[in-house]
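This report describes a single protein chain, going from its largest pocket to two individual residues and then to the chain as a whole. Please keep the sequence and the model in view while reading.

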Amino acid sequence: MNMTLPGRALLLALVAMTLAACGGKPTEPTRQDQPRASSDHPVVGQRWNLLLVGTDERLSMPETPHFIVAPNGSVSGSDGCNQINGRVNLDEGNRIQFSELGTTRRGCAQLEDARRVTGMMENAYRFLIDHDRLVFFGPDQRVLGGWRKAN
């Protein structure tokens, strides 16, 4: 292979950049789907009972819809008809994201309202805590519903 001096310099520079890029310490990939919660986070370890859906609608359910977040990021509770289990991420900026929500399959007359409760959790994007109230907001900043600390 017959290369000119500028061609060789360019080839050597490319090889050096490639080796430099490969020679660094590998970084641990960050997985967005890993639940994160801290035991001292104000949402964690507290039972939250449903107060409102949207800004003013109260639901009458066989069981009070509620949830509890464990320090390992698991969430459990009830949608008012069925038991709920899943995962939650609580990030800086009051960001909240529920994932892997599953429910038992008991039927009840208020099944549509129960689905609205789980839908509110699945669509939650941010939260605000004001005294004993926890409010969920969607990605469009619309109020999805509110919860109250259980005594």
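A pocket, as the word is used here, is an open set of grid points with protein on both sides within 12 Å along at least five of seven lines, and its volume is the space filled by probe spheres set on the points. The model is a predicted one, and in it the largest pocket has a volume of about 180 Å³.

The lining of this largest pocket is made up of Asp 79, Asn 82, Thr 103, Thr 104, Arg 105, Arg 106, Gly 107, Leu 111, Ala 114, Arg 115 and Thr 118. By character, these lining residues divide into five polar, four charged and two nonpolar. Helix H2, which spans residues 111-123, supplies four residues and with them the largest share of the lining.

Leu 111 belongs to helix H2 and is one of the residues that line the largest pocket. Is Leu 111 buried or exposed? Neither word applies, because its relative accessibility is 24%, and residues count as buried under 20% and as exposed over 50%; Leu 111 is therefore partly exposed. Once its neighbours within four places in sequence are set aside, Leu 111 is in contact with Cys 81, Asn 82 and Arg 106, and among these Asn 82 and Arg 106 also appear in the pocket lining. Gly 80 lies 31 residues away from Leu 111 in sequence, while the C-alpha atoms of the two are 8.4 Å apart in space.

Another residue to inspect is Gln 46, which sits in the loop that runs between helix H1 (5-22) and strand S1 (47-53). The side chain of Gln 46 reaches the backbone oxygen of Ala 150 at a distance of 3.3 Å. With neighbours within four places in sequence left aside, the residues in contact with Gln 46 are Phe 67, Ile 68, Val 69, Lys 149 and Ala 150.

For the chain as a whole, two helices and eight strands are assigned, and from the N terminus on the elements follow the order α-β-β-β-β-β-α-β-β-β. The table gathers some values for the chain.

| Property of the chain | Value |
|---|---|
| Buried residues, as a share of the 151 residues | 32% |
| Contacts joining residues at least 24 apart, among contacts between residues at least 6 apart in sequence | 46% |
| Accessible surface | about 9,700 Å² |
| Share of the accessible surface belonging to carbon and sulfur atoms | 52% |

Methods
Residues are numbered from 1 along each chain as its sequence is written. This is a predicted model: local features need pLDDT of at least 70, side-chain atom pairs count only at pLDDT 80 or more; totals for chains, interfaces and linings use all residues. Side-chain values use heavy atoms; hydrogens and water are left out. On a 1 Å grid over the protein atoms alone, a cavity is a set of points where a 1.4 Å probe fits but cannot get out, and a pocket is an open set with protein on both sides within 12 Å along at least five of seven lines; lining residues have an atom within 4 Å of a point. Ala, Val, Leu, Ile, Met, Phe, Trp, Tyr, Cys and Pro count as nonpolar, Asp, Glu, Lys and Arg as charged, and the others, Gly among them, as polar. A polar contact is a pair of N or O atoms within 3.5 Å; within protein, one must be able to donate a hydrogen and the other to accept it, and residues adjacent in sequence count only if both atoms are side-chain atoms. Contact means heavy atoms within 4.5 Å. Buried means under 20% relative accessible area, exposed over 50%, partly exposed in between (1.4 Å probe, protein chains only). Accessible areas come from the Shrake-Rupley method with a 1.4 Å probe; for residues, only the protein chains shown count as cover.
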